[in-house]
Every structure is written in C-alpha cells, then in structure tokens.
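Open the model in a viewer and keep the sequence panel beside it. The stops below say what to select and what is found there.

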Amino acid sequence: MNGLELLYRGSLKSCNYRCSYCPFSKHRMSERELIKDREQWEYFVKTVRERAETMKIRSLMVIPYGEALIHPWYWEGFGAVSSLAGIKAVGAQTNLSFPVSESLECFQKAGGKLEKLYLWGTFHPEMTTVETFSGTCRTLAEKGIHLCAGAVGVPQNVGLLRSLRAKLPEEIYLWINRMDGLKRPYTPEETEAFLEIDPYFLRELTSPAADPAQCRSRLFVEGSGKLRTCNISRNSDMSWDRLWEAHQKNKRQSMPDSQPEPVCGQKRCSCYLAYGGRQNFMNQILFGPYPVFRVPGRAKAVFLDIVGTLIIKKESGQNRIDPWIRAGLEGMHRDGILLFFATTLPYRDAQRQCREIWRLFSGGIFSGGAQLLLNGAEGRWELIQTIEEGCLGVLKEMKKNLRCRILPYRSAKGLYKVTMFRPGAVPWKEEEKCRVKKQLQEAGISGFRVVLEENCLQILSERATKEEGVRRICGRLHISPEETAAAGDSLEDRKMLELCGKKNNRIFVS
C-alpha cells in the first residue's frame, strides 16, 4: 500500500462556465455559500496537515461540483498540503480556466511544490477553443506540472478532439470519457475513432465489478466531514473527525491504526474516479502509484505474471482473463508499450491459457526464467538455460516416496526444467523442498535451484530467474529495467518487482 489517498468535495456547486449539459453552470453561489465552502476547505486542510503523518496520507485530489481553482483559497490549501514531506501528490479536476501565473504564485507562496501538483483538465468545447485549451496545457507542462487532459466522448466531436490531440504535446495524455447520455452503444467506427485518440478508451466501456477489497487505501471526504469510499459509494457511518479520534485511541493503546472497512453499495465501478482509485496492478502500471490523477507512467516495457495476476483462479474453473484487464492490455499495446509474460508456466501452457491476448505480447520469460523469448524488430531471439540431464534419474528414484509425477521439459538444447507435480492440489512442504535439493547435491548435480509452488516443485538452472530474464530482455531492447514495470503475486516475483521501475510497480501478494 502506498499510503492513504484522499478525495475531497466541499459545498461548492457553481462554475464560471455555462455548459448547456451541466447543472452547476446554472447555480450562482451567494457570498455566504462561498464563505461556507472556504471555511470547510480551510478546516479540512488544517486537519490534513495535523493528521497526515499519523494517518500516512500520501495524496489529495479535489473533485468539486463546479470549478474550484478559480478560487484562491484552494491554491493556498494545495500549497500548504504539498509542503509536507510525506505528501507526494495534490491536485484537482478543473476546466483550466484559472489565471495560470497568479494561481501558481499563490500556490508557491503557501509553500507549494510544483513537482507534486497534478491537474486533471477537462475540455469543454462550448466554452473554450482548441487553441486556448491546448495553449494552457502547454504552459502548465512547461512549468513541470503533471497534467492530463480530456473530454466526454460525444460522437459529433470526434473531429474537434482529433484536432485537440494534434495540438497537445505528445507527452500529455488525452483521455475520452464515455458519454452517459448517449443512450445507445458506440458504433464500431466511433469506438475505433476514440481509440485512435485515447488508447485506453476501452476501459471506459468495460466497467469492472465493484470490489471493496481494492479500495482500502482511499477515502472520499465531504466538506461536512462525511466519509465515503469513493464518489459513487454509500456514506460511511464514520466521519472524518471520528476517524481521527479512532486513530488517536489506537495510538494511546499501542494498537495498529486501521481504516474503516470500505463501504460500496455499487455493482460496478462505473466511472474513472471509481475504477481509477482501485489498488490493483493495472492501475498502478498504467498511471503510477497515485492512478486517480490519470497521468500515465508510460513504461517502455511491462512484465506480467500469469496465474494469480492476469488470470485469477475461480471455483467455476473458468479462469479467463477479466475483460477490464484485457482492456488495459489492449490500451498499452496501442500506446506502443511492449508487453512480456513473466511466468513459471512453460511456453505452450502459457500460450494455451493466454490465447485471447497472445497477439498483444512480444514474448516473455517462461518456465521461471529457463526460457526467454523476444519477438522484435530484429527478429526472434530465444535463450534456453539448461540443467544437467542426470538430475532426472535422481528425481525419478525419489518419485515413489514423494508421491508425485515427474514432468521433464526439453528443447533442442537439452533439459531445461523438471516439474515434480502432485495431483489434487496437494501442497509441497518446505522440508520436502530441502530434501530434494540435498539429494540432488549429494548425487553431484550442480547449477540448479528448486522452486516451491503449491502442488509443484520446479527444478531449474540457478541462472533461470524472472529477475535475470528482465535484465536480459531489457539488454536486447537497449532499455533500463528502471524504465519498465511489472506485476506478480508470489515470492518468486519479488526480485523482479524490485528491479523494475520502482516508481511504477508494487508487490502484490494474493
């Protein structure tokens, strides 16, 4: 867990834009209402500063009803929060209509760190032009501010959005949100047109099933102090101040701090703020440690475990890849990010289980690193790391006492893997692994390692690891492992995850 992510929405319900489709464009807040919103925000900022270290708060995003950043008190608050050492990211959804120089000056005077500022800019074609909006984006990007831009996917606006994409700097991600009021599915032609603008648009069309377990590290705080898990979840019984009191009580009693159980009430995560704030490998790889800001990390290559990561075992036995994960893979492929498997499965088994996404991948690390494959511009490259043929005889002698099957894997270069398989999902024990290793060593076998995976014991070359596979493939691609990302769910993946771009990955243990 990267720490607690906060989302905030005060009582502000007005905007300086007058978009015909937006209810907040028609509301004029009185001076008293604006004072209330400011007082709520300033109290919230004060409490965040007081509680950030204890509660491990790492990021804060404002998602207002209306436009918050035309009001200087929001910039002052962002500056004060971003000055804290433990805070890594602050930002807001905005129409980018604020005066840039004056606003950033206000932010910095309050102690703001520009490198921590993230802005989610929404293009409203009724109120601004492509030239004006893209110009503001360029100015902000030149100042080192993290930025994404986007618009609602209105089919009639495809040409305008193509023009916007052409005017924006290439590094600024232009997202397209699904149009809720369309009242019909997008046509294949419309979908393809939006995918050319936003390679991740399929994620908007494939809402994942709600899963509160993935939302333990975020809180949505209202100006009144009410708590929710996200913008579309039910209210929690806990309030922002009562949560702090609970933390203080735990501290006095030397008990570990804990967040309230996530409250949901939804069947699906139907918008980006809902699905983008989930703690899962796809969000982390695509958008870094704080994916709710929607600013892509854009790794040059991504290495993915299969069983437990891409494919979650289900009681039904239908272990297909989740459509939402597949949409993310499609997006990375369209975005020019190279995808590689990183699995203990042999090549053929991996191909069989991942047939539906196989075309998106450029090869991978198979059999725990014993077989490496890269299909690239320079053609096909393969490396096989073999083990001594003599180990097979030793293992066959042990087979009866250990109650297992022996499955050897060979290529033209020789034996590269042996799996000691126990049917019925009977797990191996650590002492049995040590016994196999000792007997192989006593028989004079060297240069191997033994990997325990539930009901499989794998014998591989000591040089065959996922970590080493990443190094070798990166070497062939002339990139650094720091420019990559990875996801896996086991101890066998740990060193690979530590090697790959540290800012973009996490270790996932199921």
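How many residues does the hairpin use to join β17 to β18? This is a predicted model, and in it the hairpin passes from β17 to β18 through two residues.

**Stop 1: the hairpin**

Select residues 405–411 for strand β17 and residues 414–421 for strand β18. The two strands are antiparallel and pair over seven bridges. To check the register, pick I406, which has M420 of β18 opposite. Then show the side chains of K417 and Y409: the charged end of K417 sits over the ring of Y409, 5.4 Å from the ring centre.

**Stop 2: β1, β3 and β5**

Go next to strand β3, residues 57–62. Five of the six residues in β3 are buried, so the strand is mostly covered, with buried meaning under 20% relative accessible area. β3 pairs with β1 in the parallel sense over five bridges, and E5 is found opposite S59 of β3. β3 also runs parallel to β5, joined by four bridges. For the register here, select L60 and look opposite at V90 in β5. In a regular strand, side chains point alternately to one face of the sheet and the other.

Follow the chain from β5 into the loop that leads to α3 (100–109), where L96 lies. L96 has a positive phi of about 65°, although it is not a glycine. For most residues other than glycine, phi is negative. L96 counts as buried because its relative accessible area is 5%, under the 20% limit.

**Stop 3: an aromatic pair across the chain**

Now turn to the rings. The whole structure holds 29 aromatic pairs. One of them is formed by Y8 and F44, which are stacked, with 4.4 Å from centre to centre and 20° between the planes. Y8 belongs to strand β1 (residues 4–9) and F44 to helix α1 (residues 31–55), so this pair links distant parts of the chain, 36 residues apart. Y8 and F44 are both buried.

**Stop 4: Y272, Y275 and their surroundings**

Which arrangement do the rings of Y272 and Y275 adopt? The ring centres are 5.1 Å apart and the planes meet at 75°; planes over 60 degrees apart count as edge-to-face, so this pair is edge-to-face. Y272 and Y275 are three residues apart in helix α8, which means that about one helical turn separates them. Y272 is buried at 4% relative accessibility, and Y275 is buried at 1%.

Extend the selection to W120, Y173, W175, Y200, F287 and W324: ring pairs link these residues with Y272 and Y275 into a cluster.

Add R294 to the view. The charged end of R294 sits over the ring of Y272, 4.2 Å from the ring centre. R294 lies in the loop between α9 (281–287) and β12 (301–304). R294 is not a glycine, yet its phi is positive, near 70°. With a relative accessible area of 2%, R294 is buried.

**Stop 5: the second largest pocket**

Which residues lie closest to the centre of the second largest pocket? The pocket has a volume of about 1300 Å³, and of the 41 residues that line it, Y21, T122, H124, V152 and N177 are the closest to its centre. Colour the lining by class to find 23 nonpolar, eleven polar and seven charged residues. Elements that each supply at least two lining residues include β5 (89–94), β6 (117–122), β7 (146–152), α5 (158–167) and α8 (272–275).

**Stop 6: two long spans**

Select G393 in helix α12 (residues 390–402). At 39% relative accessibility, G393 counts as partly exposed. Draw a distance from its C-alpha atom to that of Q108: the two are 70 Å apart in space and 285 residues apart along the chain.

For the last selection, take L457 in strand β20 (residues 456–461). Is L457 buried or exposed? L457 is buried, since its relative accessible area is 0%. From L457 to F98 the C-alpha distance is 61 Å, with their positions 359 residues apart in sequence.

Key
Residues are numbered from 1 along each chain as its sequence is written. This is a predicted model: local features need pLDDT of at least 70, side-chain atom pairs count only at pLDDT 80 or more; totals for chains, interfaces and linings use all residues. Side-chain values use heavy atoms; hydrogens and water are left out. Two strands pair if DSSP finds at least two bridges between them. On a 1 Å grid over the protein atoms alone, a cavity is a set of points where a 1.4 Å probe fits but cannot get out, and a pocket is an open set with protein on both sides within 12 Å along at least five of seven lines; lining residues have an atom within 4 Å of a point. Grid points are joined across faces, edges and corners, and a volume is the space filled by probe spheres set on the points. Ala, Val, Leu, Ile, Met, Phe, Trp, Tyr, Cys and Pro count as nonpolar, Asp, Glu, Lys and Arg as charged, and the others, Gly among them, as polar. Rings of Phe, Tyr and Trp (its six-membered ring) pair if their centres lie within 6.5 Å; planes under 30 degrees apart count as stacked, over 60 as edge-to-face and the rest as tilted. Buried means under 20% relative accessible area, exposed over 50%, partly exposed in between (1.4 Å probe, protein chains only). A charge sits over a ring if NZ of Lys or CZ of Arg is within 6 Å of the ring centre and within 35 degrees of the ring normal.
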